[in-house]
Amino acid sequence: MASTTLRAQSYGLRFTGQEDIQDRRTTLDLTPEKPLCVDGNLEIAFDLSLVPNYRTYFGYIFRIIQDDKKNLDLIYDQKSTSFKIIIGERFSQSIIKLDSTQLFNRWTTFRIQLDLNTSTLRVYTNNKLVIKDNVPFTESGCFRVFFGGNEFREFKSKDLPPMNLREIVVSENGQRMYYWPLNEVKGALAKDEVTGQAAVVKNPVWIKSLHTAWKVAEQVTINGNASAAFDPSTETVYVVGSDRVYSYSAQKHEREFRAQKSPPPSFLPGNQSVFNPFSNRLYNFYVDQKAIAAYDSVSKSWRNESLIPKYTIATEYWQANKFISGVDSALYILGGYGQLTYKNSIQRYHFGSRKWETVPAKGSAYTPRYLAALGTTPTADTAYLIGGYGSLTGEQMLNPKSTYDFLRYTVSDNTFKKLYELPLPKTDFAFANSLIIDSKSGLYYGLIFPNQQFKSQLQLIRGSLTQPTYESVGTPIPYQFHDTHAFSDLYYCAASQQLLAVTLYRNEQKGSTDVKIYSIAFPPNVLESQATPEKQSTRVYWFWGIAGLVAGGLALFYFRRRGRNVQTKDEFREADQETMASNPPVQTEQIEFVPIPGPKASFFFFGNFQAFDQTGSDTTKAFTPLLKELFLLLALNSIGKHRGVPSEKLNELLWPDKSGRDASNNRSVNITKLRSLLDKVGGCSLSKESGYWNITFDFSQVYVDYERYMALINDKSTLTKQTIIELGELTKQGSFLLNTEYAWLDDFKAEISNKIINTFLQYADKLRIGDDPEFLIQLTNFIFYYDPVNEDAIILKCKALAWMGKHTLAKNAFEKFTRDFKTIYGEDYKQSFSAIID
């Protein structure tokens, strides 16, 4: 519901300063191997800004040391709000004062010139000379250069302010020697683009990664049916619970719990909260009974402004959209769902008169829906609404479906106008509650998710206000979705330049709500291989396979997985492409399907379950939750165990709450449905033999990745490098039946994971480190897809990297492993790096 002005994309290195413990503070060492030796003039230039919204700003920007004896330091002093130069044991007579707007919101270019022939120091900020002094440096010497903290001999220090750094240039006598842009996304090394020399970073926070990956900012459990609201002026998220109001400040990175004397009177399932930016008040409301109350932060109590609910009913306005207009200082509530009906009503509450009314909308563009997203202009005189799920009549039984129209609502005349309609995606999606609107650049941001899945993901998209185009930005967010239990929203923080995503999940049994707040730096990066949700829904993977012995040689053929583009871990790690300029063109990418050899029908079990018929059409949606479970139960027992499932077992697993006759009737109906569905897919059929229900697959007509996995895993005596690659490419598409959870499935999943890891390790045992170290590293990566803390794999990987002379990469891999090990097991990994590579 927010509005913003976009800024250009950032990159660089963020330094963790006094706000964290010493061991976590950042150091950048430009001379880790040997000092920098120069004659004549030395110049060091860099861009600097301070990170806003922290309490302590004090310490070293850089420390330059000549011949390990004489130091030249630049520090920031919070008391005097100035930069100071330290030359040996004295301060330079001049200081550097910068306007706070310049210091925190923009990059300042510093140039440090050392004329060693005349022992003169000159300091420039944005090409303006601010300090000129003498330095006791010799005409020629060797320098060590540190930014932030350092641990060098008697010069060591961990005092540094939270700051951003980029574009470091080192020149000798006017000739550029080194250039570190600091545009990395990960790792503990920064590459010089002139000579390739690596600078070493301890505790790095790469700014570009902050614009790529969401991180968990807060998570908490609140009693009762919680609802969320956002104050854009203070960048505070409020979550209203039954016994307290929780707040999280994105600026201060602080949270607070405020006890309340009584819950809001509208505190029923489906209640919503909203922050009025025009009066700076927090409100909670329940649409069905026109109940609304304002929170008094001083008395920590709620003041009723309209009727109090006298009985509990299930709301008819789940997932309704809302905004407060500056035109008439009123709360507008649009759409929603309840009692098998989708709504397209507009209800208005006027804060001044404290009256509710229904507003008749003009035009027919706004059809009944929920799970749409809404955002407004800065004064909220105009609202934009996109997507949702509903039907033309509002009846749930009459052809409900996802909609992708983009509407504009004008408050002054209550008129909706359809601006455009997005192309139909391959996989349907709905929206989180709010859009971020930027009228100046003509863009919006919103969160989408597949609303037909419980274990789902929120994906941030950036779209155009005038064209039906959009693209994915940022990595996905895990999201458990149930339309009457879950809620998600998106907020924009203008001052701290970040987006916040909030997810709520109501646990009826515990009487509480799980709250998670995620953050990403703004503007977010485009993911290189994940340009749109349409591309997400057409995930493409290649499989290696053995075609057979032809003319005495082994020919390779491939399968291209259709209809899928969920990213692999490698893709996420490589998703570091910079976002566009301040007004980027927004593209909606389409996947071009390439004809593939081999079977046309296919089932994919690794990753999310998907099915395709012999024409290549995606039939996954035809497998309803019950048909999907029935199919998987029969398929896994038919392919893996070769015996099928008896009727009694089907009744026990799928209809445990039914009597014998009812369970049999349900079984018969669904067996008939599944048989018809499999006939349409082709290449497989359902039958009953000797009391066991089976699915028979004709593998010349249908491809099943689980069957190919079984063939590879059970024939270890003939494992070759190519079959190992095929197994790795097949299994790295995702864990077995990702996002599919049944109690009976757990044993299958555990057995498959163990067999995959053991097969890779068995083949690795046949290799010597020096035979093919690159392939050995690839093999360990396959293992890490299923077990990120496998000790055998990390030992092999470190040894292979060390054998290739890549000691730094080996050390980085080991350090990541130890971090993951401690996260999972809660204890330090016992072996040292030196012990492993020895």
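Let me begin with residues 1-9, where pLDDT stays under 50 and where the model nevertheless has 45 contacts beyond four places in sequence. What we have here is a predicted model, and a second stretch calls for the same caution, namely residues 529-599, over which pLDDT again stays under 50 and for which the model has 203 contacts beyond four places in sequence. Where pLDDT is low, the predicted coordinates should not be read in detail, and I will therefore leave the contacts of both stretches aside. For the protein as a whole, the average pLDDT is 85, and 89% of the residues score at least 70.

Now to the interior. A search of the whole structure finds five cavities of 30 Å³ or more, and the largest cavity has a volume of about 260 Å³. Which residues are closest to the centre of that largest cavity? Out of the 22 residues lining the cavity, they are Ala226, Gly270, Asn271, Trp318 and Phe487. Two or more lining residues come from each of the strands β19 (227-231), β23 (272-276), β41 (486-493) and β42 (498-507). As for the character of this lining, nine of its residues are nonpolar, ten are polar and three are charged.

Strand β42 brings me to the aromatic residues, since Tyr505 in that strand is paired with Phe454, which sits in the loop between β37 (443-449) and β38 (455-464), so that the pair links parts of the chain 51 residues apart. The structure holds 66 aromatic pairs, and a pair of aromatic rings is described by the distance of the centres and the angle of the planes. For Phe454 and Tyr505 the centres are 6.0 Å apart and the planes stand at 70°, and because an angle over 60 degrees counts as edge-to-face, that is how this pair is classed. Phe454 itself has a relative accessible area of 38%, which makes this residue partly exposed.

A second pair, Phe814 with Phe833, is tilted, with 5.6 Å from centre to centre and 55° between the planes. Here Phe814 belongs to helix α13 (residues 807-825) and Phe833 to helix α14 (residues 833-837), with their positions 19 residues apart in the chain. Are these two rings' residues buried or exposed? Phe814 is buried at a relative accessible area of 7%, and Phe833, at 15%, also counts as buried, because the cut-off is 20%.

Beyond pairs, there is one aromatic cluster formed by Phe603, Phe605, Phe606, Phe609, Phe623, Phe631, Phe697, Phe699, Tyr706, Tyr709 and Phe736. I would like to look at one member, Phe605, which lies in the loop between β46 (601-604) and β47 (610-612) and is buried, with a relative accessible area of 0%. Leaving out residues up to four places away in sequence, Phe605 touches Phe631, Leu632, Ala635, Leu636, Val704, Asp705, Tyr706, Ser735, Phe736 and Leu737. One of these, Tyr706, is 101 residues away from Phe605 in sequence, yet the two C-alpha atoms are 6.2 Å apart in space.

Finally, a charged residue. Arg166 is found in strand β13 (residues 163-172), and at 15% relative accessibility Arg166 counts as buried, because that value falls under 20%. Which residues does Arg166 touch, if those up to four places away in sequence are not counted? They are Tyr11, Gly12, Phe46, Asp47, Trp107, Pro181 and Leu182.

How values were computed:
Residues numbered from 1 in each chain as written. Predicted model: local features only at pLDDT ≥ 70, side-chain atom pairs only at ≥ 80, totals over all residues. Heavy atoms only, no water. pLDDT = per-residue confidence, 0-100. Contact = heavy atoms within 4.5 Å. 1 Å grid on protein atoms, 1.4 Å probe; cavity = no way out; pocket = protein on both sides within 12 Å on 5 of 7 lines; lining within 4 Å. Points joined across faces, edges and corners; volume = space filled by probe spheres on them. Helix = DSSP H or I, 4+ residues; strand = E, 2+ residues; numbered from the N terminus. Nonpolar A, V, L, I, M, F, W, Y, C, P; charged D, E, K, R; others polar. Phe/Tyr/Trp six-rings, centres within 6.5 Å; stacked < 30°, edge-to-face > 60°. Buried < 20%, exposed > 50% of the residue type's maximum accessible area, 1.4 Å probe, protein only.
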